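Q: Please take a close look at a single part of this chain. Walk me through that one helix and what surrounds it, then fit it into the whole.

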Amino acid sequence: MSRQVIQNNAKSKLIVALDVDHADRALELFEALRDDIVVFKIGMQLFTAAGPDIVRRIVSRGGHVFLDLKYHDIPNTVAAAGIEATRLGVSIFNIHASGGSEMMKRTAEAVAETAAREGLTRPAVLGVTVLTSVDQETLRQIGIADGPATVVRRLALLAQTSGLDGVVASAHEIKIIREAVRNSSFVIVTPGIRSASDPSHDQRRFMTAGEAISAGADYVVVGRPILNAESPAKAARMFLQEISDAIG
Ligand code: C5P
């Protein structure tokens, strides 16, 4: 993980997803949260609405950006996009592990070379294994007979041997990945987090931030429970407390 990002404290472990439709709203949230949050995730909604300038603006104000565009294309194209993400100054970006080893290797190499040549910080490159919305039936539709857990395990190992820094994975897959990839510096970023007091937590589709960190996640991603709160800063502090309690 990028040197500036990795710190073993609660503050750096909570990534807030800026899933909003306008740069102004994103900057408002950034300003409200910047004292408590180190890394902000910019995904396809905000990036499509506001363009790369929103990344530059947050980086220039001292925020770290996880660019969540889940690149998946021919190796040359993904490597080229990775070079531009490096030049944009993001701390983390991700690519689909199902794009295969060559796509991942070429991207990791291009990013490292560009950062070294141009004197930039090398972003961490994460692999997306199986989206949490994809189940056995979805995999069957696209010709994959194995279940999600088997595919996650295979793709996480492939991401590691292809030189990626880690993966994005749901809390329920952390154990499988930690057992398969025997490298403690392999980063796991986990979305699908809800507060213990959130009613949807009862459905068990989500984990709390504390549970995910205790299960072995390095970072958790939280969007709507913070963005939609009356006070996003207050909501963020509640998640930070849950993480602090889990770290001990
Ligand atoms: O609002 P919520 O906390 O559910 O936001 C979760 C965030 O994590 C969203 O930005 C979503 O795109 C992202 N996500 C992801 N990979 C998944 C599931 C969610 O990057 N498998």
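A: Gly 62 takes a positive phi of about 100°. Gly 62 sits just after helix α4. Keep in mind that this is a predicted model.

Now step back into the helix. α4 runs over residues 52–60. Which of its residues are buried? They include Ile 54, Val 55 and Ile 58. Here, buried means under 20% relative accessible area. Around the axis, these three residues cover an arc of only 105°, so they lie on the same side of α4.

What covers those buried residues? Among the covering elements are three helices: α2 (23–33), α3 (44–50) and α5 (75–88). Two strands, β2 (39–43) and β3 (64–71), are also included.

Next, the whole chain. The protein chain has 12 helices, one of them α4, and 8 strands. Buried residues make up 52% of its 248 residues. Now take the contacts with a separation of 6 or more. Of these, 68% join residues 24 or more positions apart.

How does the overall size fit? A compact globule of 248 residues would have a radius of gyration near 18 Å. The protein chain has 17 Å, which agrees. Its C-alpha atoms fill a box of roughly 45 × 40 × 35 Å along the principal axes.

Last, the outside and the charges. The chain exposes about 11,300 Å², and carbon and sulfur atoms supply 49% of that area. There are 27 positive and 28 negative side chains. The centres of the two sets lie 3 Å apart.

Note on methods
Residues numbered from 1 in each chain as written. Predicted model: local features only at pLDDT ≥ 70, side-chain atom pairs only at ≥ 80, totals over all residues. Heavy atoms only, no water. Helix = DSSP H or I, 4+ residues; strand = E, 2+ residues; numbered from the N terminus. Rg over C-alpha atoms; globule rule 2.2 N^0.38 Å. Buried < 20%, exposed > 50% of the residue type's maximum accessible area, 1.4 Å probe, protein only. Contact = heavy atoms within 4.5 Å. Areas by Shrake-Rupley, 256 points an atom, 1.4 Å probe, with all protein chains shown as cover. Lys, Arg positive; Asp, Glu negative; His and termini not counted. Charge placed at Lys NZ, Arg CZ, Asp CG, Glu CD. Arc of directions from axis to C-beta.
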